[in-house]
Amino acid sequence: MASEPRANTRKAGALAVLARQFLSYVGVSLAALAVHYALLATLVETGRADPVPAALAGYLAGAVVSYGLNRRLTYASARPHAEATWRFGVVAAIGFGLTWLIMAGLTRGFGLPYLAAQALATGVVVFWNFLGHRVWTFAGRPVPVLSGEVPGVR
């Protein structure tokens, strides 16, 4: 019975860490979204691009902001850039595809205004990106099992 309170304390601590990390992610995402939406609106309102390609261009510009800030602030990752960037690219590419599907479906299929469609796409993609980057892109590197070295033993 004595281990139950300790287990509950660990769970509460883990949830607090996850909540702080998600709040950091949301803050970083707001900066990336400002870049994304500014480019989207500029391209559409100036007549330079249709809403779908403009949303995708904005997504790419926001991804550049997101990588740097999330690596440093949200996940405090020590994973080398050579690994983290391609992993970030895979997660972002899936988010890019989700953005395209949602934007095309909502603007072309349902005739929704582009900003409303983008808000819905953002709502879906933000959760995908947070989880993908947390568990894969910036996660700690696994310790090689067969390396012959046991951590903490000399």
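Reader: Why is alanine 76 called exposed?
Author: Its relative accessibility is 61%. Exposed means over 50% relative accessible area, buried under 20% and partly exposed in between, with a 1.4 Å probe and protein chains only. Alanine 76 therefore counts as exposed.

Reader: On what kind of model do such statements rest?
Author: This is a predicted model, in which local features need pLDDT of at least 70, side-chain atom pairs count only at pLDDT 80 or more, and totals for chains, interfaces and linings use all residues. Residues are numbered from 1 along each chain as its sequence is written, and side-chain values use heavy atoms, with hydrogens and water left out.

Reader: Where does alanine 76 lie, and what is its phi?
Author: Alanine 76 belongs to the loop between H2 and H3. Its phi is positive, about 40°, although the residue is not a glycine. Most residues other than glycine have a negative phi.

Reader: How are helices and strands identified, and how many does the protein have?
Author: They are DSSP runs numbered from the N terminus: helices are H or I with at least four residues, strands are E with at least two. By this rule the protein has four helices and zero strands, and the order from the N terminus is α-α-α-α.

Reader: What makes threonine 85 partly exposed?
Author: The relative accessibility of threonine 85 is 40%, so the residue falls in the middle class. Threonine 85 lies in helix H3, and its C-alpha atom is 9.9 Å from that of glycine 68, which is 17 residues away along the chain.

Reader: Why is valine 91 called buried, and which residues does it contact?
Author: Valine 91 has a relative accessibility of 3% and therefore counts as buried. This residue is also found in helix H3. With contact meaning heavy atoms within 4.5 Å, and leaving aside neighbours within four places in sequence, valine 91 is in contact with Trp128, Asn129, Gly132, His133, Trp136 and Thr137. The C-alpha atoms of valine 91 and tryptophan 136 are 8.7 Å apart, although 45 residues separate the two along the chain.

Reader: Is histidine 133 buried or exposed, and what does it touch?
Author: At 1% relative accessibility, histidine 133 counts as buried. It is found in helix H4. Not counting residues up to four places away in sequence, histidine 133 touches Tyr75, Phe88, Val91, Phe138 and Ala139.

Reader: What makes serine 66 a buried residue, and which residues does it touch?
Author: Serine 66 has a relative accessible area of 10%, so it is buried. It lies in helix H2 and touches Val28, Ala32, Arg71 and Phe88, again without residues up to four places away in sequence. Serine 66 and leucine 30 are 36 residues apart in sequence, with 9.3 Å from C-alpha to C-alpha.

Reader: How are phenylalanine 88 and phenylalanine 138 known to form a pair, and of which kind?
Author: Rings of Phe, Tyr and Trp (its six-membered ring) pair if their centres lie within 6.5 Å; planes under 30 degrees apart count as stacked, over 60 as edge-to-face and the rest as tilted. The two rings have centres 6.3 Å apart and planes at 55°, so the pair is tilted. Phenylalanine 88 lies in helix H3 and phenylalanine 138 in the segment after H4, so the pair ties together parts 50 residues apart in sequence. Phenylalanine 88, at 7% relative accessibility, counts as buried, and so does phenylalanine 138, at 5%.

Reader: How many aromatic pairs are there, and which rings form a cluster?
Author: The count is 11 aromatic pairs. Ring pairs link Phe22, Tyr25, Tyr67, Tyr75, Phe88, Phe127, Phe130 and Phe138 into a cluster.

Reader: What makes an empty space a cavity, and how many cavities of 30 Å³ or more are counted?
Author: On a 1 Å grid over the protein atoms alone, a cavity is a set of points where a 1.4 Å probe fits but cannot get out; lining residues have an atom within 4 Å of a point. Points are joined across faces, edges and corners, and the volume is the space filled by probe spheres set on them. The count is one cavity of 30 Å³ or more, and the largest cavity has a volume of about 260 Å³. Of its 19 lining residues, the closest to the centre are Tyr25, Leu33, Tyr59, Val125 and Asn129.

Reader: Which helix gives the largest share of that lining, and how do its residues divide?
Author: H4 gives the largest share, seven residues. The lining of the largest cavity has 10 nonpolar, nine polar and no charged residues, where Ala, Val, Leu, Ile, Met, Phe, Trp, Tyr, Cys and Pro count as nonpolar, Asp, Glu, Lys and Arg as charged, and the others, Gly among them, as polar.

Note on methods
On a 1 Å grid over the protein atoms alone, a cavity is a set of points where a 1.4 Å probe fits but cannot get out, and a pocket is an open set with protein on both sides within 12 Å along at least five of seven lines; lining residues have an atom within 4 Å of a point.
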